Structure formats: C-alpha cells, structure tokens
Amino acid sequence: MADFPSKVTTETSSPQTQSSQQGGNSLQGLAADVAATMNMSFLRSIKAILMIVEILLGLLHWALIASTPYTVAPAYGWVLFVAITLWLLTTILFFMHLCDTLSKVPAVPWPLTVMAYNGIATILYVTAFLANAVSVHSYFWYYGHLAAAAFFGAVVTVAYGASAFFSYLEWKGDGGNAATSTVPT
C-alpha cells in the first residue's frame, strides 16, 4: 500500500479577472482574438478579389446548370461536376488564405501548389465551358439558363486563368508583388 505523505499543503487563491484585451470571456476579447488570426490584408489583394469572383460566379454557374434537367445531355454532368468541385475547393482555399493557415504549414510549397491548382482549374473549366457551350440548343425550354451558364462559365474560366497567371508570378519569384498587391481604398 502506498504511503500517504505526512504533510499536505493546500493553497487557495482568488480567481484573477482577465481583461478583455487578453481575450477573456468577453465578446470584445473574442472578436479581438478572431481578428488577430485572420489575414485581413489578404482581402484587399488581387488574389482575394479573383477568388471571390471565382466563388460567387462559380456558385451562379453551377446553380444555373443544376436548375435545369441536366441529365438530358451527358455533357452537363461533367459541367456540374467541375463547377461544384472547383467551387468547394476554391472556397476552402480562400478560407485557408484568410485564416493564414498556409503560413502555419511551411512543409507544403504553397506558391507551387496554388499555381498548379489554378492551372488545373483553368483547364478543367475550359473543358466544362466548351461542353456547356456546345450543348446549348435554342429549342430547349431552359435555353436561357444554359446560355447564361455558358457565359458565366467563360467568366469563371478567365478568372481562374488570371489567378493562375498571378500564382505563376508569385511562384516565379516576383516576390508576389503582382499577386499580393493591394487595391487602393
């Protein structure tokens, strides 16, 4: 049987209040902590603006396709797959940039990874845009949806191409001046 120590000391102290600037229990402290972990300067960069365009117009693109009977033409299955997959991945990448997660994982070559992602996304969106544009026929009752989806698919393709270009400049060693330059406010 284990011996119980013969002398036990207990100390009590009053709880110290934490100030809101140290991130205590107040809502203001919580907001300060959240703002400290977000990269707010990223939101003013060209890269962020292009990603927001890709997210918003990509959402509109796949919503227009999904609101039609897309199973009529097999090409629309591919268009919908590309649009939804890249929309989800771009949204995740946007929040990774915003929360500055990329700097917390230095083992991954992020400029090369983002450049490869944007290049592959551009190629996939070109194929999806071409499949969408070729499959639009004026005798379909949902012609307007599909024509608008083709237009927004072209715009998103251009946005991914621009993102690939700026990612290439960042990877090449331009210092990211073109990709991370901020828009004047």
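User: Let's start on the surface. Which residues form a nonpolar patch there, and what accessible area do they have together?

Analyst: This is a predicted model, so take what follows as read from a prediction. The nonpolar patch on the surface is formed by Met40, Leu43, Ile52 and Leu56. Put together, their accessible area is about 330 Å².

User: Is Ile52 buried, partly exposed or exposed?

Analyst: Ile52 sits in helix α2, which covers residues 46-66. Buried would need under 20% relative accessible area, and exposed would need over 50%. Ile52 has 33%, so the word for Ile52 is partly exposed.

User: Stepping back, how many helices and strands does the protein have?

Analyst: Going along the sequence, the pattern reads α-α-α-α-α-α. No β element shows up in that pattern. The protein has zero strands, and its helices number six.

User: What percentage of the residues is buried?

Analyst: A residue goes into the buried group when its relative accessible area is under 20%. The protein has 185 residues, and the buried share of them is 32%.

User: Which residues does UniProt list for "transmembrane region"?

Analyst: The listing comes from an unreviewed UniProt entry. Such annotations may be inferred rather than shown by experiment. The residues listed in the entry are 48-70, 76-98, 110-134 and 140-162.

User: Taking residues 110-134, how much of the chain is helix, and how far apart are the end C-alpha atoms?

Analyst: Over residues 110-134 the model has 0% strand and 100% helix. For residues 48-70, the helix share is 83%, again with 0% strand, and the end C-alpha atoms are 31 Å apart. Back at residues 110-134, the end C-alpha atoms are 36 Å apart.

User: How far apart are the end C-alpha atoms of α5, and what span should its 30 residues have?

Analyst: The expected span comes from 1.5 Å a residue, so the 30 residues of α5 should cover 44 Å. In the model the end C-alpha atoms of α5 are 43 Å apart, which agrees with the expected 44 Å.

User: Which residue follows α5, and what is its phi near?

Analyst: Right after α5 comes Gly173. The phi of Gly173 is positive, near 115 degrees.

User: Which residue other than glycine has a positive phi near 60 degrees, and where does it lie?

Analyst: The phi value near 60 degrees belongs to Asp100. At 30% relative accessibility, Asp100 counts as partly exposed. As for its place, Asp100 lies in the loop between α3 (75-98) and α4.

User: Which residue forms a salt bridge with Lys47?

Analyst: Side chains of opposite charge can pair when their charged atoms come close. The count of salt bridges here comes to one. In it, the closest N and O atoms are 2.6 Å apart, and the partner of Lys47 is Glu170.

User: Which helices hold Lys47 and Glu170, and how far apart in sequence are the parts the pair ties together?

Analyst: Lys47 is buried at 11% relative accessible area, while Glu170 is partly exposed at 23%. Lys47 belongs to helix α2 and Glu170 to helix α5, so the pair ties together parts whose separation in sequence is 123 residues.

User: Turning to the rings, how are Tyr117 and Tyr160 arranged?

Analyst: The count of aromatic pairs comes to nine. For Tyr117 and Tyr160, the ring centres are 6.5 Å apart and the planes stand at 75 degrees. Planes over 60 degrees apart get a name of their own, so this pair is edge-to-face.

User: Where do Tyr117 and Tyr160 lie, and how many residues apart are the parts they tie together?

Analyst: Both partners count as buried, Tyr117 at 16% relative accessibility and Tyr160 at 1%. Tyr117 is in helix α4 (residues 110-135) and Tyr160 in helix α5 (residues 143-172), so the parts tied together are apart in sequence by 43 residues.

User: What about Phe165 and Phe166: which of the two is buried?

Analyst: Their ring centres are 5.5 Å apart with planes at 65 degrees, so the pair is edge-to-face. Phe165 counts as partly exposed at 45% relative accessibility. With a relative accessible area of 19%, the buried residue is Phe166.

User: Which residues do ring pairs link into a cluster?

Analyst: A pair of aromatic rings is described by the distance of the centres and the angle of the planes. Here ring pairs build a cluster out of Phe42, Phe94 and Phe95.

How values were computed: Residues are numbered from 1 along each chain as its sequence is written. This is a predicted model: local features need pLDDT of at least 70, side-chain atom pairs count only at pLDDT 80 or more; totals for chains, interfaces and linings use all residues. Side-chain values use heavy atoms; hydrogens and water are left out. Rings of Phe, Tyr and Trp (its six-membered ring) pair if their centres lie within 6.5 Å; planes under 30 degrees apart count as stacked, over 60 as edge-to-face and the rest as tilted. Helices (H or I, at least four residues) and strands (E, at least two) are DSSP runs, numbered from the N terminus. Buried means under 20% relative accessible area, exposed over 50%, partly exposed in between (1.4 Å probe, protein chains only). Patches are made of residues with over 30% relative accessible area and no salt bridge: like charges are joined within 9 Å, nonpolar side chains (Val, Leu, Ile, Met, Phe, Trp, Tyr) within 5 Å. Accessible areas come from the Shrake-Rupley method with a 1.4 Å probe; for residues, only the protein chains shown count as cover. A salt bridge is a side-chain nitrogen of Lys or Arg within 4 Å of a carboxyl oxygen of Asp or Glu. The expected span of a helix is 1.5 Å times one less than its number of residues.
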